[in-house]
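Q: Could you look closely at one part of this model and set it out in a single connected account? Please give the cut-off behind each term as you come to it.

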Amino acid sequence: MTPRAVLNRILLVLTGLVLLAGGLLILAAGADLYGWQHLSPPPGWPLTTPGDVLLASADRIRWSSQGWWWWPAVIAALVLIAALALGWLLAQLHRRRPRAVSVGGTPPQEGVELRVRALGDALAQEAGALPGVARADVRITGRPDRPHAHISLALTPEGRPEAVLQALCEGPLRTVHECTGASLPAQAHLHVARHKPRRVL
């Protein structure tokens with residue numbers, strides 16, 4: 001995981017915690033939770049009873065003397081912040097996946113590209129035919145000039161992880177490098193395929 005992805009996830013978690021805390025605060029006040037539980041919030045604690053409001057009258061008229069442009073500017077700024085936050089969230093949910101991978105080689109083949117789906121299908125088919133592998137699934141992510149393969153291998157009960165990984169590196173991944181001339185970093189996830197129990201007579 002890249003540092004940028006880690007930072008994005010940390011910011012998402014912090015944003016979620018702030019929104020969750022605000023929502024719980026409003027919910028507790030609206031349901032009169034403090035009164036039911038006979039709790040005394042600290043002095044200055046916002047929203048303690050169902051009749052409380054987020055902005056008191058004094059707060060609402062505090063900036064009324066700033067001119068006609070003040071509230072439209074505030075609303076426009078809030079809309080812009082909301083739009084940026086929504087775009088950032090959608091960008092995190094969208095998985096980056098290139099449509100094609102540039103084919104290198106010696107000399108490099110300029111303008112020649114290989115579709116990601118075809119590359120993933122070929123890699124999955126070759127990896128699924130390895131000894132000890134029952135099923136293989138491949139997903140290509142990253143940029144066209146820096147693709148990254150996520151390989152999921154379902155092993156047979158007789159499959160050994162060490163032998164399967166060695167065969168994967170020396171077989172399908174080496175074939176991709178020889179055919180395309182591109183370095184394809186790969187991350188493999190291994191698990192044992194489910195199988196029906198056998199009856200022993």
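**Strand S4 and its surroundings**

A: His148 is the residue of S4 that serves as bridge partner to Thr141, where strands (E, at least two residues) and helices (H or I, at least four) are DSSP runs numbered from the N terminus. The model is a predicted one, in which local features need pLDDT of at least 70, side-chain atom pairs count only at pLDDT 80 or more, and totals for chains, interfaces and linings use all residues. Residues are numbered from 1 along each chain as its sequence is written, and side-chain values use heavy atoms, with hydrogens and water left out.

Thr141 belongs to strand S3, residues 133-143, and S3 pairs with S4 in the antiparallel sense over 10 bridges; two strands count as paired if DSSP finds at least two bridges between them. S4 also pairs with strand S5 (residues 186-192), here in the parallel sense and over 7 bridges, with Leu190 of S5 as the bridge partner of Leu153. Of the 10 residues of S4, 7 are buried, so the strand is largely enclosed by the rest of the structure; buried means under 20% relative accessible area, exposed over 50%, and partly exposed in between, with a 1.4 Å probe and protein chains only.

Within S4, which spans residues 146-155, lies His150. The side chain of His150 makes a polar contact of 3.1 Å with the side chain of Thr141, a polar contact being a pair of N or O atoms within 3.5 Å (within protein, one able to donate a hydrogen and the other to accept it, and residues adjacent in sequence counting only if both atoms are side-chain atoms). Thr141 itself has a relative accessible area of 12%, which is why it counts as buried. Beyond the neighbours within four places in sequence, His150 is in contact (heavy atoms within 4.5 Å) with Asp137, Val138, Arg139, Thr141 and Gln187.

Arg139, one of those residues in contact with His150, has its C-alpha 8.6 Å from that of Val116, although 23 residues separate the two in sequence. Val116 is placed in helix H5, residues 116-128, and counts as buried because its relative accessibility is 2%.

For the wider setting, the protein chain has 6 helices and 5 strands, running α-α-α-α-β-β-α-β-β-α-β from the N terminus on. Of its 201 residues, 19% count as buried, and among contacts with a separation of 6 or more, 49% come from residues 24 or more positions apart. The chain exposes about 15400 Å², of which carbon and sulfur atoms supply 62%; accessible areas come from the Shrake-Rupley method with a 1.4 Å probe, and for residues only the protein chains shown count as cover.

Elsewhere, Leu11 lies in helix H1, residues 3-30, and counts as partly exposed because its relative accessibility is 35%. Leu11 is one of the residues of a nonpolar surface patch, others including Val6, Ile10 and Leu27, with about 900 Å² of accessible area together.

Definitions and conventions:
Patch = residues over 30% accessible without salt bridge, like charges linked within 9 Å, V, L, I, M, F, W, Y side chains within 5 Å. Salt bridge = Lys/Arg side-chain N within 4 Å of Asp/Glu carboxyl O.
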